[in-house]
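Biologist: Could you teach me how to read a model like this one, feature by feature? I would like the general idea and then the case at hand.

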Amino acid sequence: MHRSSLLALVPSVFLAHAATLRNRLDDTNVGLTPTMGWSSWNVAQCDAASEEYAMNTANKLSELGLKDLGYEYVNIDDCWTAKERDGNGNLVPDPNKWPRGIRPVVDDIHAMGLKFGLYGCAGTLTCASYPGSEDHEYQDVQLLADWDVDFWKHDNCFTECPVTPPPQTCWDYPVSTEPWYAKMADAIQSVKAQKEILFNLCQWGRNEVWTWGDKYGHSWRIENDNWGDWESVVRIGSKAGEIAQYSGPGGFNDLDMLFVGNNKLTHNQERLHFGLWAIAKSPLVIGADLTKIPTSSLDILRNKDLIVINQDPLGAAAAPFRPSNSNSPEPVPGEIYPYWTGPLSNGVVVAFSGANGAGDFSVKFSEVPGLEAGEHCWKEAYSGEEGRSDSLSFSVEQDDIAVFTVTDCA
């Protein structure tokens, strides 16, 4: 990979990029900023795909103040259906998990001022071997519309593959995934007059989906799963830096669900994980049990300054940049670069990452794409520290991050 592909664009290109960011799906009211909410999978996998988890989480989103910060989607992942479709070919909610069915739960969640999402798969089966949507796209989407479902995650298991029978995943073969996402997108568009559904393409970054995903959905996964380890954060975060230019209002790079509050990462790693996802304009989807989440993790998820950056209407994702000072390192593919920046509607975000080691980081504003030399006002998101200067200097611990909003001083 060429070194230049890891570095942020020069200021003039940043401005051109910002000017061309647009709503990528015509005449829509959903997906204009990254999705915020909760998903069941990281909590208890198949066991969490139930009415009980959905309602408990909806109550907790309100009780913990997360709803008021923008976390509005309660999304149920794989395993919510019975193992077979009914006689008419419809998906059937597992009666043990959904004793009232789906629609009454959706109505209750909507009454709380929240939204509800479900999961499906482009293949014959879901990743956990429940019925997939292949050859049932329009039928399944009509069911979603009838249930008033707000969000659909479309996975990529048991799809077309050059081997028979198709394996769960077709990683080893160069198969184009675009046709089956196009078909599901057409199905979703077909019910738009009845119900607008936010469409998440979960095909793990295959076929450079970031170059075409905006034709079909509101977000697209850019990598294999976040497995809840530090290596996943580094792998996915570094990839996001390479393709930041493909995010914008109506279509965002999806870095996968958050592992904040799952007792998988250190406190500093959770801070960097959330901070980087926020400035990369990824959907912010909590994957923790909100009835058990530690206060320290909850405080990270409730960081208002980072949420404001993530939800900035300009929708431009931050990317790495290399300052001209002698202390800035060479970029290394697969690593999270120490210096990041991106435009905001009211200024610029700048971040210092300690993923490659603790240190004292500094940069003159004249070195930051999109900023002019001279004094600017700034605020760091985690510490709340504020200042007015012509540069930034900050100490960052190992695996931690510092994120600054930089604006013109009033």
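Modeller: Gladly! Let us start with one pair of residues: V74 has F116 in β3 as its bridge partner. Please keep in mind that this is a predicted model.

Biologist: Which strands does that bridge belong to, and in what sense do they pair?

Modeller: The strands are β2 and β3, and they pair in the parallel sense over 3 bridges. On to another neighbour of β3: 5 bridges join this strand to β4, and the two run parallel. One facing pair there is Y119, which stands opposite K153 in β4.

Biologist: Is β3 mostly covered or mostly open to the outside?

Modeller: Mostly covered: 6 of the 7 residues of β3 are buried. One cysteine to remember from this part of the chain is C121, buried at 0% relative accessibility.

Biologist: What is the strand order of the whole sheet?

Modeller: Reading across, the order is β7-β6-β5-β4-β3-β2-β1-β8, so to speak the address list of an open sheet of 8 strands with parallel pairing. Its edge strands are β7 (252-254) and β8 (284-286), each of which pairs on one side only. On average, neighbouring strands of this sheet are turned by 25° against each other, with direction ignored.

Biologist: Let us move to the cysteines. What should I picture when I hear the word disulfide?

Modeller: In general, a disulfide is a covalent bond that links the sulfur atoms of two cysteines. For a model, the working test is a distance: the two sulfur atoms have to lie within 2.5 Å.

Biologist: How many disulfides does that rule give here?

Modeller: The count comes to 4 disulfides. One of them is formed by C46 and C79, with sulfur atoms 1.9 Å apart. This pair links distant parts of the chain: C46 is in the loop between α2 and α3 (51-63), C79 is in the loop between β2 (73-75) and α4 (103-111), and 33 residues separate them. C46 is partly exposed, with a relative accessible area of 22%, whereas C79 is buried at 1%.

Biologist: Which cysteine is joined to C127?

Modeller: C157 is the partner, at an S to S distance of 2.0 Å. The torsion about their S-S bond is about 90°, and the disulfide is therefore right-handed. C127 sits in the loop between β3 (115-121) and α5 (137-147), and C157 in the loop between β4 and α6 (178-190), so this link ties together parts 30 residues apart in sequence. Here too the two ends can be read by accessibility: C127 is partly exposed at 22%, while C157 is buried at 1%.

Biologist: What is the handedness of the link between C377 and C409?

Modeller: That link is right-handed, with 120° about the S-S bond. C377 lies in strand β13 (residues 376-380) and C409 in the segment after β16 (401-407), so the bond ties together parts that are 32 residues apart in sequence. The S to S distance is 2.1 Å, and C377 is partly exposed with a relative accessible area of 22%.

Biologist: What is the pairing pattern if I number the bonded cysteines in sequence order?

Modeller: You get 1-2, 3-4, 5-6, 7-8.

Biologist: Now back to C121. Why is there no bond between C121 and C127?

Modeller: Apply the distance test. The closest cysteine sulfur to that of C121 belongs to C127, but it is 4.6 Å away, too far for a bond. C202 is in no disulfide either; its nearest cysteine sulfur, again that of C127, is 7.0 Å away. C202 counts as buried, at 1% relative accessibility.

Biologist: And how does one look for empty space?

Modeller: The general idea is to roll a probe the size of a water molecule over the atoms, which shows where space is left empty. In this model, the largest pocket holds about 420 Å³ of space. It is lined by 24 residues, and the closest to its centre are W41, C127, D155, D225 and W227. The elements that give two or more residues to this lining are α2 (41-44) and β4 (151-155).

Biologist: What kinds of residues make up the lining of the largest pocket?

Modeller: The lining divides into 11 nonpolar, 6 polar and 7 charged residues. So C127 is a good place to pause on your tour, because this cysteine is bonded to C157 in a right-handed disulfide and is also among the residues closest to the pocket centre.

Note on methods: Residues are numbered from 1 along each chain as its sequence is written. This is a predicted model: local features need pLDDT of at least 70, side-chain atom pairs count only at pLDDT 80 or more; totals for chains, interfaces and linings use all residues. Side-chain values use heavy atoms; hydrogens and water are left out. On a 1 Å grid over the protein atoms alone, a cavity is a set of points where a 1.4 Å probe fits but cannot get out, and a pocket is an open set with protein on both sides within 12 Å along at least five of seven lines; lining residues have an atom within 4 Å of a point. Grid points are joined across faces, edges and corners, and a volume is the space filled by probe spheres set on the points. Helices (H or I, at least four residues) and strands (E, at least two) are DSSP runs, numbered from the N terminus. Ala, Val, Leu, Ile, Met, Phe, Trp, Tyr, Cys and Pro count as nonpolar, Asp, Glu, Lys and Arg as charged, and the others, Gly among them, as polar. Buried means under 20% relative accessible area, exposed over 50%, partly exposed in between (1.4 Å probe, protein chains only). Two strands pair if DSSP finds at least two bridges between them. Axes are lines fitted to C-alpha atoms, for helices over the stretch in contact, and angles run from 0 to 180 degrees between N-to-C directions.
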